[in-house]
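Please open the structure in your viewer and keep the selection tool at hand. This tour goes from stop to stop, saying at each one what to select and what is there.

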Amino acid sequence: MNEHSPGTPAMRSDARRNYERLLHVAEDAFARQGVNASLTEVAKRAGVGIGTLYRHFPTREALIDAVLRERFDRLSARGGELLESRSPEDALLAANFAEGAPRTRALAVFSSVSGLSLSAGLILGGLLTSLASWRWVMFVNVPVGVVIVALALRYVRPVAKHRTGLDVAGAVLGTAGMTAMVYGFVRAGEAGWGDRSALAALAVALVALVLFMVAEARVAHPLLPLGLFRDRNRAAAYLNMFLISATMLGMFFFLTQFLQTVEGFTPLATGIAFLPLAFTALVSARAVPWLLSRLGPKAVTASGTVAIAAGILWLTRLSAMSGYATGIAGPLILFGLGIGITFVPLNSFILAGLRPHQTGAAAATVQTMQQAGSSLGLAVLVTVFGAAVRDAAPGSPAGLADAIATSFAAASAFAACALAVAVMAVRRPG
């Protein structure tokens with residue numbers, strides 16, 4: 001037997017490289033030409049024969065499914081980073097603008113600029129993917145980051161420094177717990193809830209996160225200061241950040257798959273399709289100071305959450321026959337309205353009444369809640385999607401659309417909980 005005989009490590013390594021090349025080339029081909037891209041061309045660009053492609057992926061549907069899973073794996077890999085994230089922009093806003101009307105206006109402008117960047121990012125991301133490769137979406141952030149650093153050094157007013165210790169135990173336990181939980185949900189979606197690896201991962205996650213909370217209560221400089229949650233409005237705002245993020249990332253992920261896989265949109269057309277959301281968020285965020293002065297932060301938060309909940313409920317009606325104008329544009333407008341008017345009062349609740357040395361930790365916790373909600377929410381929704389798509393006809397656009405609609409139905413539970421928090425947990429200031 002030579003080193004390249006079937007079953008040898010060298011042979012398995014070659015097969016794995018062929019598999020990964022085929023996935024990457026297929027993703028680029030589907031992004032450029034849609035799901036009906038030539039499989040012969042995919043095999044040729046990957047440097048393998050068509051027979052090799054069919055050995056790995058017996059049908060076009062099997063290849064599409066593998067590409068979708070690869071996309072999700074890249075998203076879920078963010079789960080292990082979530083407790084290391086920071087939100088310097090919120091801390092800088094708190095340090096540079098006094099609490100009350102000045103800070104509210106600053107947060108509204110910040111949200112408007114975020115909406116504008118979302119519009120540009122969706123279109124430019126689609127353009128880069130269509131003309132080059134999805135990898136350019138990652139690389140383009142490097143020169144943008146360099147420009148931001150240069151501008152920050154020149155124009156951003158420095159804030160007072162507060163030296164603290166490094167919470168190594170919290171970082172290790174939190175990262176391990178969240179990574180294990182995301183993996184457990186994803187594994188359960190692939191293999192079912194009886195899978196031992198999924199159950200073991202979820203058990204590890206539970207133990208690690210309990211130990212994380214114990215550690216945070218005892219350490220002098222915790223990564224997640226539990227004292228921030230003593231204020232009822234701040235705790236409710238953090239919980240809403242978690243739930244809304246779980247809803248929104250699931251919406252972005254599955255609606256993108258629907259537009260490209262079921263409707264046959266190109267990446268550029270998909271980016272343009274999300275413009276109603278971005279434009280509505282941009283416009284509505286500018287109206288937040290006026291709304292807050294007349295309705296108060298609780299009513300504005302609840303109104304925005306209602307819009308998000310209505311949008312996700314609307315998407316549960318999607319089918320393979322749904323058109324963009326009647327089935328997708330309306331929900332996107334509702335999402336934009338909800339995002340635009342919800343995050344400003346939530347950030348105001350979080351930053352209210354804090355001392356300067358507390359704003360950094362409070363802003364970092366915002367990012368923790370958003371990243372945790374995004375990662376765990378998407379993992380749960382993919383588990384729901386996996387169970388639904390197993391019951392659908394293989395390769396059927398109607399079956400895929402129904403499975404995506406089922407995922408949106410699960411996401412509506414997150415939005416309903418967010419609305420309940422906004423209505424029942426948040427108190428009127430003063």
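**First stop: a patch on the surface**

Select Trp-136, which counts as partly exposed because its relative accessibility is 43%; buried means under 20% relative accessible area, exposed over 50%, and partly exposed in between, with a 1.4 Å probe and protein chains only. This is a predicted model, in which local features need pLDDT of at least 70 and side-chain atom pairs count only at pLDDT 80 or more, while totals for chains, interfaces and linings use all residues. Residues are numbered from 1 along each chain as its sequence is written, and side-chain values use heavy atoms, with hydrogens and water left out.

Trp-136 is found in helix α7, where helices (H or I, at least four residues) and strands (E, at least two) are DSSP runs numbered from the N terminus. Now add Phe-139, Val-142 and Val-146 to the selection: together with Trp-136 they form a nonpolar patch on the surface, with about 420 Å² of accessible area. Such a patch is made of residues with over 30% relative accessible area and no salt bridge, nonpolar side chains (Val, Leu, Ile, Met, Phe, Trp, Tyr) being joined within 5 Å and like charges within 9 Å; a salt bridge is a side-chain nitrogen of Lys or Arg within 4 Å of a carboxyl oxygen of Asp or Glu. Accessible areas come from the Shrake-Rupley method with a 1.4 Å probe, and for residues only the protein chains shown count as cover. Helices α7 (135–139) and α8 (141–155) each supply at least two residues of the patch.

**Second stop: the core**

Which residues have the most contacts inside the largest nonpolar core? Select Met-251, Phe-254, Leu-255, Phe-335 and Phe-408, which hold that place in a core of 55 residues; a nonpolar core is a set of buried Ala, Val, Leu, Ile, Met, Phe, Trp, Tyr and Cys residues joined through side-chain atoms within 4.5 Å. The elements that give two or more residues to this core are α11 (232–262), α15 (297–315), α17 (329–351), α18 (359–390) and α19 (397–425), and α11 gives the most, with 16 residues.

Stay on Met-251 and show its contacts (heavy atoms within 4.5 Å): leaving out residues up to four places away in sequence, Met-251 touches partners including Phe-274, Ile-312, Phe-335 and Phe-408.

**Third stop: aromatic pairs**

The whole structure holds six aromatic pairs, meaning that rings of Phe, Tyr and Trp (its six-membered ring) have centres within 6.5 Å, with planes under 30 degrees apart counted as stacked, over 60 as edge-to-face and the rest as tilted. Select Phe-252 and Phe-274, a tilted pair with 5.4 Å centre to centre and 35° between the planes. Phe-252 lies in helix α11 and Phe-274 in the loop between α12 (267–273) and α13 (275–286), so the pair ties together parts that are 22 residues apart in sequence. Phe-274 is buried, with a relative accessible area of 2%.

Move next to Phe-265 and Tyr-324, whose ring centres are 6.4 Å apart and whose planes are at 40°, so this pair is tilted. Phe-265 sits in the loop between α11 and α12, and Tyr-324 in helix α16 (residues 324–327), 59 residues apart.

**Last stop: Thr-383**

Select Thr-383 in helix α18, which counts as buried at 8% relative accessibility. Apart from its neighbours within four places in sequence, Thr-383 is in contact with Phe-185, Val-186, Ala-188, Gly-189 and Trp-193.
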